Every structure is written in C-alpha cells, then in structure tokens.
Amino acid sequence: MGMPMELNTMIVTKGNETREEENIFRLAKAGYRLYPIDIPIDVRKTIQSDSSGTAVIQKIEWASEKTIITYQLLSLNSTN
C-alpha cells in the first residue's frame with residue numbers, strides 16, 4: 001500500500017528545526033509530505049500557535065519515510 005502523502009500549507013516546526021546558515025533552516029518530518037515551493041508560507045511552532053514568521057521552502061527531500069525541507073526565513077514575528 002505505501003505511506004499516504006500529506007499536503008501541508010504551513011511549516012510546523014515543533015522546535016525541531018536546525019539552522020544551516022543565518023536564515024536557512026532544515027526540518028525533518030515523519031512521513032511523506034508535499035509543500036508549496038518558492039512561495040511565502042507561514043511558520044509555526046505548533047498548528048495552534050500564532051505564526052512565528054514567513055518562509056520560502058527551497059528544497060524538499062523524501063527518503064526513508066521522512067520529508068526533509070530546507071527553507072529560508074523571510075520574516076520573524078516577535079514572540080512577546
């Protein structure tokens with residue numbers, strides 16, 4: 001049967017992102033997920049939380065039942 005594909009319209013980090021460069025981050029998620037590429041989307045820590053910023057996904061990799069996205073943070077919303 002294989003693993004279902006999930007369509008995501010925001011990046012939900014759950015605090016698991018790693019910084020690659022100053023504003024480039026990498027995030028691995030379980031399962032295979034589709035994301036919009038090259039358009040600004042919301043970044044949130046959890047689905048319920050307020051937007052923590054805006055990012056553009058530059059790369060998506062699928063392997064070993066994981067999705068790894070590389071994204072550039074465009075703007076950060078203040079967290080206070």
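Two strands are said to pair when DSSP finds at least two bridges between them. With that in mind, welcome to a short tour of this predicted model.

**Figure 1. The open sheet of six strands in the predicted model.** The strands follow the order 2-6-7-8-4-3, and their pairing is mixed. At the edges sit strand 2 (11–12) and strand 3, each of which pairs on one side only. As a reminder for reading this view, strands of a sheet pair through backbone hydrogen bonds, either parallel or antiparallel. The mean pLDDT of the protein is 92, with 94% of the residues at 70 or more. Among the elements, the highest mean pLDDT, 98, belongs to strand 3 (residues 18–19), and the lowest, 86, to strand 1 (residues 5–7).

**Figure 2. Strand 7 between its two neighbours, strand 6 and strand 8.** Strand 7 (residues 53–63) runs antiparallel to strand 6 (residues 41–44), and three bridges join the two. On its other side, strand 7 pairs with strand 8 (residues 66–76), again in the antiparallel sense, over 10 bridges. Thr-54 is a handy residue to follow across this view: Thr-54 of strand 7 is the bridge partner of Asp-42, and Thr-54 also stands opposite Ser-75 in strand 8. Two residues lie between the strands in the hairpin of strand 7 and strand 8, where Ser-64 takes a positive phi near 50°.

**Figure 3. The salt bridge between Asp-42 and Arg-44.** Here the closest N and O atoms of the two residues are 3.0 Å apart. Asp-42 has a relative accessible area of 25%, so this residue counts as partly exposed. Keep Thr-54 in the frame too, as the bridge partner of Asp-42 in strand 7. This is one of four salt bridges in the structure.

**Figure 4. A salt-bridge network of Arg-26, Lys-59 and Glu-61.** Between Lys-59 and Glu-61, the closest N and O atoms are 4.0 Å apart. Both of these residues are partly exposed: Lys-59 has a relative accessibility of 41%, and Glu-61 has 27%. Arg-26, the third member of the network, belongs to strand 4 and stands opposite Thr-18. Strand 3 and strand 4 (residues 24–30) pair in the antiparallel sense over two bridges.

**Figure 5. A salt bridge from strand 1 to strand 5.** The side chains of Glu-6 and Arg-33 meet with an N to O distance of 3.1 Å. Glu-6 lies in strand 1 and Arg-33 in strand 5 (residues 32–34), so the pair links distant parts of the chain, 27 residues apart. How buried or exposed are the two partners, Glu-6 and Arg-33? Arg-33 is buried because its relative accessibility of 15% falls under the 20% cut-off. Glu-6, at 40%, counts as partly exposed.

**Figure 6. A nonpolar surface patch that includes Met-5.** Which residues make this patch of about 420 Å²? They are Met-5, Leu-7, Leu-34 and Trp-62. Met-5 lies in strand 1 and is partly exposed, because its relative accessibility is 44%, between the 20% and 50% limits. When looking closely at this corner, recall that strand 1 has the lowest mean pLDDT among the elements, 86. In general, where pLDDT is low, the predicted coordinates should not be read in detail.

How values were computed: Residues numbered from 1 in each chain as written. Predicted model: local features only at pLDDT ≥ 70, side-chain atom pairs only at ≥ 80, totals over all residues. Heavy atoms only, no water. pLDDT = per-residue confidence, 0-100. Helix = DSSP H or I, 4+ residues; strand = E, 2+ residues; numbered from the N terminus. Patch = residues over 30% accessible without salt bridge, like charges linked within 9 Å, V, L, I, M, F, W, Y side chains within 5 Å. Areas by Shrake-Rupley, 256 points an atom, 1.4 Å probe, with all protein chains shown as cover. Buried < 20%, exposed > 50% of the residue type's maximum accessible area, 1.4 Å probe, protein only.
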